[in-house]
Amino acid sequence: MPLSEHEQRLLDQMERALYAEDPKFASALEGTGLRTYTRRRVYLAVAGFVVGIGLLMGGMVVPDQIWVSVVGFLVMLGCAVFAVTGWRRGPAGQGTGGAGPAAAPRPKAGMMDRVEQRWQRRRDEQTGGF
């Protein structure tokens, strides 16, 4: 489904803001899309999770080697956290740290994010008038 004109303008504006704020990061993302980054991260996490299952099972088979099972469980847990945080956050630097009014809003912002953006906008308007 193609983007509407309004959505395309917003996307272009967000892209320009990203280049203005952090050109090095923007050029790094240029070759690989956000989906590619997330997909790669999830694939790595799934592969690590499978290795963790293997270690867990291996530790159960080998007598007196319970530490192998513990390591397998920790690998599985770490990979699950790695996959979930990659899915939710995206690449490093894609946050609201120091974002001004020209920065792109995060998709599906929660109520607190919207309140924070409004507060920031009002503060910028007040300081801009002096």
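Which helix among the elements of the protein has the lowest mean pLDDT, and which the highest? In this predicted model, local features were considered at pLDDT of at least 70 and side-chain atom pairs only at pLDDT 80 or more, whereas totals for chains, interfaces and linings use all residues. Residues are numbered from 1 along each chain as its sequence is written, and side-chain values use heavy atoms, with hydrogens and water left out.

The lowest mean pLDDT (69) belongs to helix α2 (residues 23–31) and the highest (88) to helix α3 (residues 34–61), where pLDDT is the predictor's confidence in each residue, from 0 to 100, and helices are DSSP runs (H or I, at least four residues) numbered from the N terminus. For the protein, the mean pLDDT is 76, with 73% of residues at 70 or more. Over residues 93–103 pLDDT stays under 50, and the model has 8 contacts (heavy atoms within 4.5 Å) beyond four places in sequence for these residues.

R41 is placed over the face of F82, at 4.0 Å from the ring centre, the criterion being CZ of Arg or NZ of Lys within 6 Å of the ring centre and within 35 degrees of the ring normal.

Helix α4 (66–89) includes V71.

How values were computed. Helices (H or I, at least four residues) and strands (E, at least two) are DSSP runs, numbered from the N terminus.
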